[in-house]
Amino acid sequence: MTLNLKSMALAGVGALAVLLASGAAQAQSTTLTLLIDNGPQTVPVFEAYVAAFEAANPDINIEIETRPGGGEGDNIVKTRLATGAMADIFTYNSGSLFQAINPQQNLLPLTNEAWQANVQDSFKSVVTSAGDVYGAPYASAMGGGILYNIPLYKELGLTPPKTWDEFMANNEKIKAAGKVAVIQTYADTWTSQLFVLADFYNVMAAVPDFAEKYTAGEAKYASTPAALQGFERLQQVHDAGYLNEDFGAANYNDGIRMVATGEGAHYPMLTFAVGAIEEISPGNTANVGFFAQPGNSADANGLTTWMPDAVYIPKTVSNEEAAKKFVAFVASPEACEVRNATVNPTGPYLVKGCELPAEVPPAVSDMLPYFADGGNNGPALEFLSPIKGPALEQITVEVGSGIRSAADGAALYDEDVRKQAQQLGLAGW
Amino acid sequence: MASAPTTARSRPSTYPVWFFLPAAIIYSALFLAPTFASLYFSLTRWTLFNSVFIGFENFAQFFREPFLIQGLMNTVMYAVVTSSLKVVLGMGLALLLTSNIIARGYLRSVVFFPVLVSTVGVGITFTVLMHPTQGMINQGLALIGIKGPGWLTDPRLALYSVALVDVWKGVGLATVIYIAGLVAIPRDYYEAARIDGATAWQNFWHVTLPLSRPATATVITLSFIGGLRTFDLIWAMTKGGPGFASDTVASVIYKQYQAGFYGLSTAGNVVLFVLIGIIVVPLTMFLNRKQGHE
């Protein structure tokens, strides 16, 4: 019996040695894992990035894993970081959601990488925590505002509005012509937030220190008229009967289809949707234009902007050098060219040397003047403050469906914000 | 004879105590330890990365949640509606399927079939069928001139639409339990009733119904607990919406977990645990005591 056991143990050691030897042989070519969200704009781009990178670095092999977006994706990222099971490189939001994954504890600082010199400061600031920069942009900046159907505008002789009153006047004419004036798609609850979030440039124009005071717990949505206005406008378009009949059951893809084909005139959305038009409604990209969410006066018209997601390296990375090499590639002008060849651009790039192609969709060219000299733009609140209440999308569905009044909704959101601030451990709450 | 149970109790067990150890270790590691850990974490502000002890703050916050009261009411409403419909419909179907009708075996499997299908699949299918303008249900209603409501988008209806789908999916199980209960009733009672000249209704009311009480108790307990902790169907169909209209305690807890409020959602789970205990333990005792008196 003892002999048998010994020989079995010896056989086991032998097998282990063989395994170790083969492992050592493989170690010459490094394998990295990459976790990305499963968005239609993300997957093809990263497949192209990885193909181009592996061609230039044959000794590095990258395996792509996908995860869902939204709240479920937040869960996966947080859980994998907390359990030390994160992939070697991963994509995640910048701004307030980035602050919630505890960057100093979980992520590798990339402050001293050479490519940082080419990244715009406006982006660096949204992936910085306690003085260290942790991420690199892999997409372009976006605008939040209103996508509109160009042929319908021409047919009715309308011009893109500069003030909210002009916008509502356009809506009235569109409704009178028997068309859907404003498309809302509350089956995908996140799409309901746009009228509130994209109004933030107008909030800052009226109350320049709102973001600061909001973070400190001094300014509230319900008691700041300029901030409450976003909720009120959401309610106005519902109460005036401008919405599509199935607004409660339609989803994001329906919204894109409707604004692309002219079933509806306006769809409040981020410009990343421009990249999805070709897939959902082929041939209609040229029919969709864009304008910033109009405010109270034409002089103060400006665009609320969103920073793209970033790629990060967790502290648990298996091969730091190889992972940094890939991140450096993502933040390079070559990567932008790969991107341009793969999907339609959705806004200006944040890396020096990156150029948009000569031909861009009208919704993107409509957006460029806001970024040019003399144009006005400012970041959305989630890039100026670490606090974003998680229940906003349910509250905006209620306000936008006439279930709850704007004032009530704003007060409820303030309550939600307080909970998030406490969870983040901020002072003054 | 009276002393027999006492001797049986005092006699040492046939198996040594350490035979129970493997099961005890697995049970403590996988069930007891997490349960007690969650009791602790419900008293902390927990980010998964670190936790701060904050006493009963989470419970105070949980009960301050503006939609919690509605969620609690929705949960109880949902459990009451689904379990009572399952009792009534399950009993009716079982009576039908134990009588001499054609294709009985086939009909029995048809009634049971929805139980076997994935809940999320059922939820997504019915979401499509219940679409306010393009859904088959409202298009069918439109053919006969009725404008169907927004089954899942009208805040007053959403919860009940989901409850109906739950009944559609779950009634098969109730029926099977009732069939077993009905078949177990001795034929002698019916014969005696027939000799006494009982009508079909009297047969049902005075023989079938009282003697199928064990089956009723099982159906009510199972479907009530199922209704109280329901989550998958609601999440697949409305995600608690529109707004918060069809939120139940379980979906409120899940949303807090999704938002990263781990301590708060653990506190919610403790509340749900206590709530189910408070409702179900007396319910089971009541139903079983009645049964003992028969």
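## Close-up views of chains A and B

**View 1. Two domains make up chain A.** Chain A splits into domain 1 (27–140 + 308–342) and domain 2 (142–306 + 365–421). Keep in mind that this is a predicted model. The centres of domain 1 and domain 2 of chain A sit 29 Å apart, taken over C-alpha atoms. Where the two meet, domain 1 of chain A puts in eight residues and domain 2 of chain A puts in 12 residues. On the domain 1 side of that contact in chain A, there are three nonpolar residues, five polar ones and no charged ones.

**View 2. Chain A as a whole, before zooming in.** Chain A holds 20 helices and 13 strands. Its radius of gyration is 24 Å, close to the 22 Å that the globule rule gives for 429 residues, so chain A is as compact as a globular protein of that length. The C-alpha trace of chain A spans about 90 × 50 × 45 Å along its principal axes. Of the 429 residues in chain A, 50% are buried. Take the contacts in chain A between residues at least 6 apart in sequence: 77% of them join residues at least 24 apart.

**View 3. Helix 2 of chain A and its buried side.** Helix 2 (residues 43–56) of chain A has 14 residues, which at 1.5 Å a residue should span 20 Å, and its end C-alpha atoms are indeed 20 Å apart. Which residues of helix 2 of chain A are buried? They are A:Val45, A:Phe46, A:Tyr49, A:Val50 and A:Phe53. These cover an arc of only 130 degrees around the axis, so they end up on the same side of helix 2 of chain A. Their packing partners in chain A are strand 1 (30–37), strand 2 (60–67), helix 15 (320–330) and helix 16 (333–342). Flip to the face of helix 2 of chain A turned away from the buried side, and you'll find the exposed residues A:Ala51 and A:Ala55.

**View 4. A:Glu393 and its partners from far along the chain.** A:Glu393 belongs to helix 19 (residues 392–400) of chain A. Buried or exposed: which is A:Glu393? A:Glu393 counts as buried because it has 22 C-beta neighbours inside 10 Å, and the cut-off for buried is 20 or more. Although A:Thr189 is 204 residues away from A:Glu393 along the chain, their C-alpha atoms are separated by 5.5 Å. Setting aside neighbours within four places in sequence, A:Glu393 is in contact with A:Thr189, A:Trp190, A:Ser192 and A:Gln193.

**View 5. A:Asn102, a loop residue with positive phi.** Look for A:Asn102 in the loop between helix 4 (96–99) and helix 5 (103–106) of chain A. Its phi is near 55 degrees, a positive value in a residue other than glycine. Most residues other than glycine have a negative phi. A:Asn102 has 17 other C-beta atoms within 10 Å, so it is partly exposed.

**View 6. Where chain B meets chain A.** On one side of this contact are 22 residues of chain B, and on the other are 26 residues of chain A. The chain B side that touches chain A breaks down into 10 nonpolar, 10 polar and two charged residues.

**View 7. Helix 6 of chain B, with B:Val122.** In helix 6 of chain B, the buried residues are B:Thr119, B:Gly123, B:Phe126 and B:Thr127. Down the axis of helix 6 of chain B, they fall within an arc of 110 degrees, so they line one face of the helix. That buried set packs against helix 8 (158–183) and helix 12 (232–237) of chain B. Turned away from the buried side of helix 6 of chain B are the exposed residues B:Gly121 and B:Val128. B:Val122 is also in helix 6 (residues 119–129) of chain B, and with 19 C-beta neighbours inside 10 Å it counts as partly exposed. Its contacts, leaving out neighbours within four places in sequence, are B:Pro114, B:Val117, B:Val165 and B:Lys169. B:Lys169 is 47 residues from B:Val122 in sequence and 7.9 Å from it in space, C-alpha to C-alpha.

**View 8. B:Lys239, a loop residue with positive phi.** The loop between helix 12 and helix 13 (249–258) of chain B is home to B:Lys239. Phi of B:Lys239 is near 55 degrees, positive in a residue other than glycine. B:Lys239 has 20 C-beta neighbours inside 10 Å, so it counts as buried.

Terms used:
Residues are numbered from 1 along each chain as its sequence is written. Chains are lettered from A and ligands numbered from 1 in the order in which they are written. This is a predicted model: local features need pLDDT of at least 70, side-chain atom pairs count only at pLDDT 80 or more; totals for chains, interfaces and linings use all residues. Helices (H or I, at least four residues) and strands (E, at least two) are DSSP runs, numbered from the N terminus. The radius of gyration is taken over C-alpha atoms; the globule rule is 2.2 Å times the number of residues to the power 0.38. A residue is buried if 20 or more other C-beta atoms lie within 10 Å of its own, exposed if 12 or fewer, and partly exposed in between; C-beta atoms are placed from the backbone. Two residues are in contact if their C-beta atoms, placed from the backbone, lie within 7 Å. The expected span of a helix is 1.5 Å times one less than its number of residues. The arc is that of the directions from the helix axis to the C-beta atoms. Domain bounds come from an automatic or database domain assignment. Ala, Val, Leu, Ile, Met, Phe, Trp, Tyr, Cys and Pro count as nonpolar, Asp, Glu, Lys and Arg as charged, and the others, Gly among them, as polar.
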